[in-house]
Amino acid sequence: MRGALRLVAGACGRMAAAGAEGTEADSDGGSEELVLTPAQLIRSLEQAWLNEKFAPELLESKPEIIECVVEQLDHMEANLKRAKRGDLKVSVHRMEIERIRYVLSSYLRCRLVKIEKFFPHVLEKEKSRAEGEPSILSPEEFAFAKEYMANTEAYLKNMALKHMPPNLQKVSLLKSVPKPNLDSFVFLRVLERQENILVEPETDEQREYTIDLEEGSQHLIRYKTIAPLVASGAVQLI
């Protein structure tokens, strides 16, 4: 949803008016806009949430989805205020709003937990990101990660390092903080058929081999094998 495509929520009212997913040309020309209905937007949020929840590493940031979901929630709240009191639909819609808020807050909390756990590696990956490559951090998350690292370094210096011999007063957080375990296994559901996926051997006696992932099938597989498929949306972690 980056680069030539972006979410149109334009407000998100335009998403509500769209009957189905599609693209349309930007009024400025050149770029395209990805049009989603509210139901498609919530599915996108849920997919991002599940992927983030079960992936061992911090995934690409989805600021467009977050912005549109917040706007859609505001729109739903405004509709509830105009509804008749005692209408059963009000209770149903209120429950749906709370469900969406839970998914959104859980998604953001999950990302913050990973940033705190892997902050030196997250910042290093962001620093080495190639031009045009999607960021794994939103501007707010980037500021939080930098502040968290500065506070951690200050705490270590004041509480421990300054009391140690001069040759031991420097510490590399990149070496001290564990990296995400990309060799961990994850469950996934295939959304788009994939062919010739290279699988690394589990033992020295085995050789590399390839597998085909059929749409709708479920698998237990090493995360780093299918990490690009998670990023592209071809598979869903479950």
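**Helix 4 and helix 5**

I looked first at how helix 4 packs on helix 5 (residues 139–159) in this predicted model. Their axes lie 9 Å apart, and the packing angle is about 90°. At that angle helix 4 is roughly perpendicular to helix 5, because angles from 65 to 115 degrees are put in that class.

I then listed the residues that meet. From helix 4 I noted Arg111, Leu112, Ile115, Glu116, Phe119, Leu123 and Glu126. Facing them in helix 5 are Glu141, Phe142, Phe144, Ala145, Lys146, Tyr148, Met149 and Thr152. I sorted the residues of this contact into 9 nonpolar, 1 polar and 5 charged.

**Helix 3 and helix 4**

I moved to the other end of the list for helix 4 and its partner helix 3. Helix 3 covers residues 63–82 and helix 4 covers residues 88–127. I read an angle of about 160° between them, with the axes 11 Å apart. Helix 3 is therefore roughly antiparallel to helix 4, the cut-off for that term being over 145 degrees. The crossing of the two is left-handed.

On the helix 3 side the contact uses Ile66, Val69, Val70, Leu73, Met76, Glu77 and Leu80. On the helix 4 side I found Val90, His93, Arg94, Glu96, Ile97, Ile100, Arg101, Leu104, Tyr107 and Leu108. The contact of helix 3 with helix 4 has 12 nonpolar residues, 1 polar and 4 charged.

**Helix 2 and helix 3**

I checked helix 2 against helix 3 next. The two axes come within 10 Å and cross at roughly 130°. Helix 2 is thus oblique to helix 3. This crossing is left-handed.

Helix 2 contributes Pro38, Leu41, Ser44 and Leu45. Helix 3 contributes Ile65, Ile66, Cys68, Val69 and Gln72. I counted 7 nonpolar and 2 polar residues in the contact of helix 2 with helix 3, and no charged ones. Ile66 and Val69 of helix 3 appear here, and I had already listed Ile66 and Val69 in the contact with helix 4.

**Helix 7**

I asked which residues of helix 7 (residues 223–232) are buried. They are Tyr223, Thr225, Ile226, Ala227, Leu229 and Val230. Their cover includes helix 2 (38–54), together with strand 4 (185–190), strand 5 (194–199), strand 6 (209–213), strand 7 (218–222) and strand 8 (235–237). After helix 7 comes Gly233, and I noted its positive phi, near 85°.

**Asn196**

I looked for a positive phi outside glycine and stopped at Asn196, where phi is about 55°. Most residues other than glycine have a negative phi. Asn196 sits in strand 5. Is Asn196 buried or exposed? Its relative accessibility is 56%, so Asn196 counts as exposed, the threshold being over 50%.

I also listed what Asn196 touches, leaving out residues up to four places away in sequence: Thr210, Ile211 and Asp212. The C-alpha atoms of Asn196 and Tyr209 are separated by 8.6 Å, and the two residues are 13 apart along the chain.

**Whole chain**

I closed with the totals. I counted 7 helices and 8 strands in the protein chain. Of its 238 residues, 35% count as buried. The chain exposes about 14800 Å², of which carbon and sulfur atoms supply 54%. For contacts between residues at least 6 apart in sequence, I noted that 64% join residues at least 24 apart.

Terms used:
Residues numbered from 1 in each chain as written. Predicted model: local features only at pLDDT ≥ 70, side-chain atom pairs only at ≥ 80, totals over all residues. Heavy atoms only, no water. Helix = DSSP H or I, 4+ residues; strand = E, 2+ residues; numbered from the N terminus. Buried < 20%, exposed > 50% of the residue type's maximum accessible area, 1.4 Å probe, protein only. Contact = heavy atoms within 4.5 Å. Areas by Shrake-Rupley, 256 points an atom, 1.4 Å probe, with all protein chains shown as cover. Axes fitted to C-alpha atoms, helices over the stretch in contact; angles between N-to-C directions. Parallel < 35°, antiparallel > 145°, perpendicular 65-115°, else oblique. Left-handed = near helix turned anticlockwise from the far one by under 90°. Nonpolar A, V, L, I, M, F, W, Y, C, P; charged D, E, K, R; others polar.
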